[in-house]
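Got the viewer open and a selection box ready? Here is a tour to follow step by step, with something to pick at each stop.

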Amino acid sequence: MTGLIAFREIVLKVHSRCDLACDHCYVYEHADQSWRARPKVISPEVISHTASRLAEHARDHALPSVTVILHGGEPLLAGPARLRLVCEEFTRALDGIAELDLRIHTNGLQLSTRYLDLFDEYGVRVGISLDGDRAANDRHRRFADGRTSHPLVLAAVALLRSEPYRHLYQGLLCTVDVANDPVAVLDALVELEPPRVDFLLPHATWETPPARPDGAPDAYARWLLRIFDHWDRLGRPVPVRLFESLLSTLRGGPSLTESLGLAPTDLVVVETDGTLEQVDSLKSAFEGAAATGFNVFDHAFDQVAAHPGVRARQLGLAGVSESCRRCPVVRSCGGGLYTHRYRDRNGFDNPSVYCTDLRELVDGVEGRTASRETAPQLTDPAELARSQEELTRILLARLHADLADDPGWARAWELLAAVERAGEAGADALDAVLDHPFTRTWVLAALDAARDGRQDVPEAARRLTALAAAAVLRGGLDLPAEVAYRDGEVYLPTLGLLRLGEPGTEGRAALHVTAGGYAVRDGRAEHRFGPTAGDARWQPVRTWSPGPDAAPVALEDLDPYRNCFPRPPRLRLGAGEAEEWRRRLDRAWALLHKAVPEFARAAATGLTTLTPLAGGPRAGGWGEAGRHGPGALGVPYAAGVRETALALLTGRRRTRLRALTEVADLYALDGQWQHRSPWRERPVPVSRLLADVHERVAVEAYRRATATPEPGGSDRIHRALDRLSEAAELTVTGKRLVAELRYELKTVDA
């Protein structure tokens, strides 16, 4: 069957009775009472068939691993012999097919060394239910005669924490009760040093709402936020899955728990009689809510995966209610646990009965952590530059892994390593050539070619050789720098183009540093070239300065990898053309500094390379951002002063946003959100809307300052910012960027 999401987690009910009488248990105390008609203990036949079905499912879907959770009732009541059979059957069935992750969730009362020795043998990790200190635990988790279970649970945890069993300790599960002291609850759990703590809201629906002693709709949020604050003050001593899931989704990452987020369900339940059911918590909704009509004897897991009830929990954003789809926190809360949405009149097409709590919880965690969770690259240009430098090195290392066996590549790589080892001068020179924007262009193109099976290894080795040689020359290093040239020439990144022979010729030549610049030895002849040599065969990279205090900007019209913009680059400019372009850039930059000084200073930050592009300005005069590293910008050579100024401004805004998205998560990409744009006919993804606003704020400032405002331009930007503020897929960093854009627009409107 196509389009099915494979089950990666199986809850196996090995016993259907319990030795406690917890009054908040969904199995025995809620709407579905099907446990009464089921066998107390799972049979060998059910175990064997389930293991075979799971192995078949894992093989058909090529699953690398599957998780089997032994559950109940109380699973330890099944006894060591039956649990050993479970471990043996599943280990045998999955051998050679998928890695098996065995777990058991227990109240701990029966836990002893005979169980733990078995679990140690098969690597079964143990999670224990505990609601906190004795007062909290005794509120619900008692024996049928009212006796406390707390001392026995503590003894079980102590045994699990001892050697040689500590490695089996998976964590503690705590059901929230707002009548308990949240600080005391967390302290009691942390004292037991669990690898993880999980807080669960008590199962409830709109027909059987949760207890709210003070009548407040956000009582559970306030309780959990007190836990969060205390956990944070303690230095987050143990992972708390609920909080870590929220922090993950707020950063743009995945949900880490079924009870939150939009990730599709990948869990199926096997009852003691072999019945296949949906997630267990549905038993809180109504009798038969979890039923599928399937069993392990007659049906494959894929048939369960196709069940409408299962599919409904695999639809992501489309699977939540309409009001949830419009909510800005839906990506974090996911509409809440599916069970908690139930109402008799319309089933599960509702927000969670904990809707207000979830909104307050998400907003509360975000408000408390936004400053710490915001990516530093957003506010610190130096950090953005460092992150981009690191990204280029990571990509180059990945390319090296593909090409390390080639002798030419290996020689050049060793020379790069020697440059890096040559002290500060070598390190600085290497940084300069690797941070050249078109180095990124080349690496990305080479990685694409390797992936597609069309890699030109000699060409890749030639470019790396040229990079290494340029670093040697820039650093003034006494290292052997041999270059390979093709078609009679070699480009030395950041330095220039050296002609070594006639067109169509290939060869190798040795380069070295001289007192006045550089020299090349080709055979027995030596030719000097460089800044002062005056060699006609040498075409240096020209530069332009955007101001007396600014670093020189390369006017890059030589690098063969500069052909990465939406329009083609100009060929090498003549001396007169280059000088004319410098004058035009000077006037454009002066105009920017006069009209929008703050935006101009921001545009100058990190600008290292300008490439003249063919043709005149496009409509609006936008600058071009190509597939290159940060710092480069393509500007139409034939544009006038005003168009060049606007191209510099918008192009730098575009390249800055692109650089940010490469190293920081501004929005999540795991949904199908679409947003109405004031500038486009059809709805667009948040990335497009954000890019439009990011550019148009600067454009609006420029146009107003130059007395060419766009009618209604500011209003459209405000509407777009309002839509971005409601975008659920924006991360905390993305929201901070939107806030900055709103502030920029405010200064424009002032």
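Before you click on anything, keep in mind that this is a predicted model.

**Stop 1: the sheet**

Switch to cartoon view and find the open sheet of nine strands. Reading across, the order is β6-β5-β4-β3-β2-β1-β7-β8-β9, and the pairing is mixed. As you step from one strand to the next, the twist averages 25 degrees.

Which strands stand at the edges? Select 197–200 for β6 and 291–295 for β9: each has a single partner strand, so one side of each is left without a neighbour in the sheet.

Stay at the β6 end and add β5, residues 169–175. These two strands pair in the parallel sense, over four bridges. To see one residue pairing, show L173, whose bridge partner in β6 is D198.

**Stop 2: helices across the sheet**

Now bring in α2, residues 44–60. Helix α2 lies across β1, β2 (65–71) and β7, and runs at about 155 degrees to β2. For another helix on the sheet, select α6 (residues 150–161), which lies across β4 (125–129) and β5. The angle between α6 and β4 is about 155 degrees.

**Stop 3: L54 and its surroundings**

Go back to α2 and pick L54, which sits in that helix. Is L54 buried or exposed? Its relative accessibility is 0%, so L54 counts as buried.

Show what L54 touches: leaving aside neighbours within four places in sequence, its contacts are I10, V66, V68, F90, L94 and F301. You can also draw a C-alpha to C-alpha distance from L54 to A93; they are 39 residues apart in sequence and 8.1 Å apart in space.

**Stop 4: aromatic pairs**

One of the contacts of L54, F301, leads to the next stop. The structure holds 18 aromatic pairs, and F301 is in one of them with F7. Their ring centres are 6.4 Å apart and their planes are at 85 degrees, so this pair is edge-to-face. F7 lies in the segment before β1 (9–13) and F301 lies in helix α10 (residues 301–305), so the pair ties together parts that are 294 residues apart in sequence. Both partners are out of the way: F7 is buried at 0% relative accessibility, and F301 is buried at 1%.

Next, select W231 and F243. The ring centres are 5.3 Å apart with the planes at 45 degrees, so the pair is tilted. W231 belongs to helix α8 (residues 219–233) and F243 to helix α9 (residues 241–250), twelve residues apart. W231 counts as buried at 1% relative accessibility, and F243 is buried at 0%. Add F199, W223 and F228 to the selection, and you have a cluster linked by ring pairs with W231 and F243.

While rings are on display, show R147 and F143. The charged end of R147 sits over the F143 ring, 4.3 Å from its centre. Then try R313, which lies over the face of Y338 at 5.9 Å from the ring centre.

**Stop 5: salt bridges**

Side chains of opposite charge can pair when their charged atoms come close. There are 60 salt bridges in this structure, so pick out a few.

Start with R38 and E271, whose side chains meet at 3.7 Å, N to O. R38 is in the loop between α1 (26–29) and α2, while E271 is in the loop between β7 (267–270) and β8 (275–277), 233 residues apart. R38 is buried, with a relative accessible area of 12%, and E271 counts as buried at 4%.

Move on to R393 and D431, a salt bridge at 2.7 Å, N to O. This pair links helix α15 (residues 381–403) with helix α17 (residues 423–434). R393 is partly exposed at 23%, and D431 is partly exposed at 31%.

For the next bridge, select E695 and R654, also 2.7 Å, N to O. E695 is in helix α23 (residues 686–705) and R654 in helix α22 (residues 641–663), so the pair ties together parts 41 residues apart in sequence. E695 is buried at 4%, whereas R654 is partly exposed at 21%.

To finish, select K13, R38, E271, D273, E277, D280 and K283: salt bridges that share partners join them into one network.

Key:
Residues numbered from 1 in each chain as written. Predicted model: local features only at pLDDT ≥ 70, side-chain atom pairs only at ≥ 80, totals over all residues. Heavy atoms only, no water. Phe/Tyr/Trp six-rings, centres within 6.5 Å; stacked < 30°, edge-to-face > 60°. Buried < 20%, exposed > 50% of the residue type's maximum accessible area, 1.4 Å probe, protein only. Lys NZ or Arg CZ within 6 Å of the ring centre and 35° of its normal. Contact = heavy atoms within 4.5 Å. Salt bridge = Lys/Arg side-chain N within 4 Å of Asp/Glu carboxyl O. Pairing = 2+ DSSP bridges. Axes fitted to C-alpha atoms, helices over the stretch in contact; angles between N-to-C directions.
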